[in-house]
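This report covers two topics: a pair of polar residues in loops, and the sheet beside them in the sequence.

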Amino acid sequence: DVRSPRQSPSWLWQQFSLTRLNAELRAPLSAADRAYNATLGLKQDPSQLQTVEFRFLPAPRGSLAQVVFLRLRNVGLLPCSFALKLPNDMEVEVDHWADTGEPSTAQLRQASILDACVFSVLPRAGSLRPGEAVTLRLA
């Protein structure tokens, strides 16, 4: 389920690609999913996983933030855990000799948005037993 004080649930459903998100969560794990789950730390390559776009509306500076509450429920028969990772969560400092070159304009824009803490997701990780639910706050 999804709710926001300023938008209708049907509009939010489209804005946050929830039909696609539900389809991804219902699908059996792919080979890439299993490989990702079997590795730890820096060896994990999230670029191999499916992504779902959450489109936040742009707003003028100083205006009220868009706040969305997204309810996740474990409808399965086994416990599950979740972790919402932002693009910069896996970044590490590299030595100058390993420099990959100049970042693209898109990478610079993304980094500036993340560095400015323009939005937040709480909680970012958790575990759910069968039938349990959690409400995420996206702002």
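## Loop residues and the open sheet

Q66 lies in the loop that runs between helix 3 (31-38) and strand 2. The model is a predicted one. With a relative accessibility of 9%, Q66 counts as buried, because the cut-off for that class is under 20% relative accessible area. Apart from neighbours within four places in sequence, Q66 is in contact with R6, Q7, W11, L12, Q15, F16, F56, L57, L138 and A139. Two of these residues also meet Q66 through polar side-chain contacts: Q7 at 3.4 Å and Q15 at 3.4 Å.

S4 is the second loop residue, placed between strand 1 and helix 1 (9-15). S4 has a relative accessible area of 14% and is therefore buried. Its side chain forms a polar contact of 3.0 Å with the side chain of Q7. Q7 thus appears in polar contacts with S4 and with Q66. Leaving aside neighbours within four places in sequence, the contacts of S4 are L12, V67 and V68. L12 is also listed among the contacts of Q66. S4 and V68 stand 64 residues apart in sequence, while their C-alpha atoms are 4.7 Å apart in space.

The polar side-chain contacts of the two loop residues are as follows.

| Side chain | Partner side chain | Separation |
|---|---|---|
| S4 | Q7 | 3.0 Å |
| Q66 | Q7 | 3.4 Å |
| Q66 | Q15 | 3.4 Å |

How are the strands of the open sheet ordered? The sheet has 4 strands in the order 1-2-6-4, and their pairing is antiparallel. Strand 1 (2-3) and strand 4 (121-122) are at the edges with a single partner strand each, so one side of each has no neighbour in the sheet.

Strand 2 (residues 68-73) pairs with strand 6 (residues 133-138) in the antiparallel sense, over 6 bridges. Within this pairing, L70 is opposite L136 of strand 6. Strand 4 also pairs with strand 6 in the antiparallel sense, here over 2 bridges, and V121 has L138 of strand 6 as its bridge partner. L138 is, in addition, one of the residues in contact with Q66.

Which residues of strand 6 form its covered face, and which its uncovered one? V134, L136 and L138 make up the covered face, whereas A133, T135 and R137 make up the uncovered face. Side chains in a regular strand alternate between the two faces of the sheet.

Terms used. Residues numbered from 1 in each chain as written. Predicted model: local features only at pLDDT ≥ 70, side-chain atom pairs only at ≥ 80, totals over all residues. Heavy atoms only, no water. Pairing = 2+ DSSP bridges. Buried < 20%, exposed > 50% of the residue type's maximum accessible area, 1.4 Å probe, protein only. Contact = heavy atoms within 4.5 Å. Polar contact = N/O pair within 3.5 Å; in protein donor to acceptor, adjacent residues only side chain to side chain.
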